[in-house]
Amino acid sequence: MSLEALLFIPTAFSKRSRQEVLNQCYVTGIKSLAVISVVAAFTGMILALQTGLELRRFGLQQNIGTAVTVVMLREMGPFMTALIIAASVGSAIAAQVGTMVVSEEVSALEIMSINPVRFIVMPRLFALALMMPLLAVYTNILGILGGAVVGATQLQVSFQAYFDNARLYAENKDLYVGLVKAFVFGVVIATTACHQGFSASEGAVGVGQATRRTVIISFLVILVLGYMLTRVFYR
Amino acid sequence: MKRTRVQQLSVEVVVGFFVMMILLALGTFTIILSQDNLFSTQHNLTVVFDQVTGLIKGDKVYVKGVDVGRVKSLQVQRDGVHALLTMDYPVELREDYRISVVPSSVLGGKFVEIREGSDDRPPLPEGTTVRGQGPADFIAELTEGVKAVRESLEGGGVLGNLEETMANLKELTQRLRDGEGTIGKLLTEDALYTNLLAVSARLEQGQGTLGKLLSPDDTLYQDLSATVAALKETAETVNRGEGTLGKLIKDDGVYKQVDGLMGEIRAAVDDLRETTPVVSFSSIFFGAF
């Protein structure tokens, strides 16, 4: 299904598809910003506080800049974003598609010779694949800023020292490997949600089960793929 | 849910704005993480090290203790490790320059320290290969130190001396424990301690000569002081050659007179010794009659 949807990607900005693609980008990206902002900022703050408190025992709390930045870029940024999007957007896609299936809207589309994969799956897949890396960048920025605030207010690490230290060991590789992960997670969430939605049956109960399975499967695949991608890029 | 044209346009604008902002942030992020400073002139310097022992790309470069740049890249070549340093400070190396890789802490981490050299030395000629020194290997130095200590202990006789000292110390403590010797008795016998206590009590009470010396009544001290002063005065008088004793010591004339007197006495005694038998015989002879 995803492979078939990929074939329709070139038509994403055609006159027929552009509106739906932008709507999905809006739902996936803009409407998730509030919850992502809170989660990202507090993830960075928790990381800075936990790491900083331990490092302070050895007088090394000025190194929290590196610790928070590297962890956010490599792992926590894309991972936390993926969890939030899987729980909010993925479940919503599964419920929406499942409802369309059980109410036979998909069958109606097929009768009208409209390819449901192009009409339903492609915009969601495109939107998630595009917005996930962008949201991961946003998560990274807020997480790093959250860590800087904790460093300055609770660990006596100035902003200057924090960001100087953050630049010391973080690399572009960390940033872009994280974005690759976010892209892969986006594809996984869209694929899982659409697949579960199309597999829904037995009315509202089936839609509920599809939604639940989407969240569970997405979380598990994100975790496993997260490890495997880290293993591939950081041997 | 069908959106109006205006609503749809606002969705497109918001999504477009968000994407543009994030792409801008991504570009900024990329520039920052690439360790490049686009707003100031960067100076490059390639330094060849024999070995760098863990120096990595992105480590700091210090000149006079100030962070002036980063290690841009490291390349292993036949003649050593070529480290490209980018700095926002134009270093001017002199002939006695020194560039070294320094450990930043015991836990790890390195930085490059540049000493440009003395101002009275000529600048480094253009095109000269700048060579740096690798860091000191703390573990290797520690191992060497331990090895040297071990060799001196085992081969230098230190261990033997130490064993003998320990044996002597053991014997000494054993004797002390057994109450042998003065200190041993002091430790084990109460009688010595009691005696010392009694002596110190007597001293404190001003009994005996030492006690009187130590007591607040300073009569003895005054007497001794006066005596010493009188002796000193006498010695000074003698030293000045005054008085009979002084003249005897200082004046050669008196010495000569005494010497002459002694010679005459010696001659008189000799004469007496020679005449004594004649006088004795005459006395006996004439006594018979």
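1. A friendly place to start is a turn in chain B of this predicted model. Strands β2(B) and β3(B) make a hairpin, and 2 residues lie between them. In that turn, B:K64 has a positive phi of about 55°. Most residues other than glycine have a negative phi, and B:K64 is a residue other than glycine with a positive value. B:K64 is also exposed, as 10 other C-beta atoms lie within 10 Å, and a residue counts as exposed at 12 or fewer.

2. The pairing behind this hairpin is worth following on your screen. β2(B) and β3(B) run antiparallel to each other over 4 bridges. If you want a single pair to look at, take B:K60, whose bridge partner in β3(B) is B:R70.

3. Moving on along the chain, β3(B) takes part in another hairpin, this one with β4(B), and again 2 residues lie between the strands. Strand β4 of chain B covers residues 80-87, and its antiparallel pairing with β3(B) extends over 8 bridges. Here B:G69 has B:M87 as its bridge partner in β4(B).

4. How are these strands placed in the sheet as a whole? The sheet is open, has 7 strands and mixed pairing, and its order in chain B is β5-β6-β2-β3-β4-β1-β7. From one strand to the next, the twist averages 35°. At the edges stand β5 (98-103) and β7 (130-132) of chain B. Each has a single partner strand, so one side of each is left without a neighbour in the sheet.

5. For the edge strand β5(B), the partner to look for is β6 of chain B, residues 110-115. The two pair in the antiparallel sense over 6 bridges. B:R98 and B:R115 are bridge partners here, the latter in β6(B).

6. Please also look at B:T53, which sits in the loop between β1 (43-49) and β2 (60-63) of chain B. Its phi is near 45°, a positive value in a residue other than glycine. Is B:T53 exposed or only partly so? B:T53 is partly exposed, with 14 other C-beta atoms within 10 Å.

7. The two chains differ in their make-up. Chain B has 9 helices and 7 strands, whereas chain A has 9 helices and 0 strands. Buried residues account for 10% of the 289 residues in chain B and for 49% of the 235 residues in chain A. Contact range tells a similar tale: among contacts between residues at least 6 apart in sequence, 87% in chain A join residues at least 24 apart. For chain B, the corresponding share is 50%.

8. Within chain A, α8(A) deserves a glance. This helix has 27 residues and reaches 39 Å from its first C-alpha to its last, close to the 39 Å expected at 1.5 Å a residue. Of its 27 residues, 20 are buried, so α8(A) is largely enclosed by the rest of the structure.

9. Now to the nonpolar cores. In soluble globular proteins, nonpolar side chains tend to be buried together. The largest core in this model holds 77 residues, and A:A82, A:M132 and A:I189 have the most contacts inside it. At least two residues of this core come from each of α2 (18-28), α3 (33-56), α4 (64-102), α6 (116-154), α7 (159-169), α8 (172-198) and α9 (203-233) of chain A, and also from α1 (5-33) of chain B. Which helix gives the most to this core? That is α6(A), with 21 residues.

10. To see the setting of one of these residues, select A:I189. Leaving aside residues up to four places away in sequence, A:I189 touches A:A82, A:I85, A:A86, A:G90, A:L128 and A:S218. There is also a second, separate core of 16 residues, which includes B:F49, B:V61, B:V71 and B:A83.

11. Finally, how many residues of chain B are in contact with chain A? There are 17, and they meet 18 residues of chain A. On the side of chain B that touches chain A, 11 residues are nonpolar, 5 are polar and 1 is charged. When you view this interface, recall that α1 (5-33) of chain B is among the helices that supply at least two residues of the largest core.

Technical notes: Residues are numbered from 1 along each chain as its sequence is written. Chains are lettered from A and ligands numbered from 1 in the order in which they are written. This is a predicted model: local features need pLDDT of at least 70, side-chain atom pairs count only at pLDDT 80 or more; totals for chains, interfaces and linings use all residues. Two residues are in contact if their C-beta atoms, placed from the backbone, lie within 7 Å. Ala, Val, Leu, Ile, Met, Phe, Trp, Tyr, Cys and Pro count as nonpolar, Asp, Glu, Lys and Arg as charged, and the others, Gly among them, as polar. A nonpolar core is a set of buried Ala, Val, Leu, Ile, Met, Phe, Trp, Tyr and Cys residues joined through C-beta atoms within 7 Å. The expected span of a helix is 1.5 Å times one less than its number of residues. Two strands pair if DSSP finds at least two bridges between them. Axes are lines fitted to C-alpha atoms, for helices over the stretch in contact, and angles run from 0 to 180 degrees between N-to-C directions.
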